[in-house]
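Let's take a stroll through a sheet and one of the helices beside it. Have a look at the picture first, then follow the notes below.

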Amino acid sequence: MITSPSTLTHLNPQEFMHLSHPPRLIDVRSQVEYRMFHAPTAINLSLPRILLGRLPGLKWLLPDWFRTLPKDEAIAVICLTAHRSPIVAEQLVKDGFQNVINISGGMMAWKESGLPTQSRQSS
């Protein structure tokens with residue numbers, strides 16, 4: 001089997017938004033942080049769930065959509081200030097994802113850039 005080398009790219013929020021085909025965006029913050037504000041297309045899957053879900057017997061922590069992601073599908077990660085997302089991005093590359101994007105500056109840079117956000121209040 002021939003596999004492509006994995007790449008980890010760092011883009012700021014504006015660069016990400018200017019991609020012609022932006023990849024799936026995963027917000028790796030906690031649910032509480034995500035509900036406060038997030039990028040409109042972001043899906044929440046926290047750093048601890050991603051890291052723990054890699055361990056034998058704990059794959060159930062990961063949602064089906066994540067477990068079945070093709071390794072050649074581009075994927076982007078974001079957190080609040082770009083401290084957690086690089087950890088996840090590097091782990092995704094180690095796990096064989098071939099095209100991983102880390103959003104530098106995180107959601108704080110996203111908001112400062114004037115890009116749209118959404119909030120989800122708990123019900």
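In which sense do strand S2 and S4 pair, and over how many bridges? They pair in the parallel sense, with 4 bridges linking residues 24-27 of S2 to S4. Keep in mind that this is a predicted model.

**The whole sheet**
- Zooming out, you'll find 5 strands in an open sheet, and the pairing is parallel.
- Reading across, the order goes S1-S5-S4-S2-S3.
- At the edges sit strand S1 (7-11) and strand S3 (43-44), each of which pairs on one side only.

**Who faces whom around S4**
- On the S2 side, Asp27 stands opposite Ile78 of S4.
- S4 also pairs with strand S5 (residues 99-103), again in the parallel sense, this time over 3 bridges.
- Within that S4 and S5 pairing, Val77 has Asn102 as its bridge partner, while Ala76 stands opposite Ile101.

**Both faces of S4**
- Strand S4 covers residues 75-78, and both of its faces are covered.
- Ile75 and Val77 are buried on one side, and Ala76 and Ile78 are buried on the other.

**Getting from S4 to S5**
- S4 and S5 pair in the parallel sense, and the chain gets from S4 to S5 through helix H5 (residues 85-94).
- This β-α-β crossover is right-handed.

**Where H5 rests**
- The sheet has S1, S5 and S4 in a row at the start of its order, and H5 packs on the sheet, touching S1, S4 and S5.
- The direction of H5 makes about 175° with that of S5.

Notes:
Residues numbered from 1 in each chain as written. Predicted model: local features only at pLDDT ≥ 70, side-chain atom pairs only at ≥ 80, totals over all residues. Heavy atoms only, no water. Buried < 20%, exposed > 50% of the residue type's maximum accessible area, 1.4 Å probe, protein only. Helix = DSSP H or I, 4+ residues; strand = E, 2+ residues; numbered from the N terminus. Pairing = 2+ DSSP bridges. Right-handed = clockwise from strand over helix to strand, strands pointing away. Contact = heavy atoms within 4.5 Å. Axes fitted to C-alpha atoms, helices over the stretch in contact; angles between N-to-C directions.
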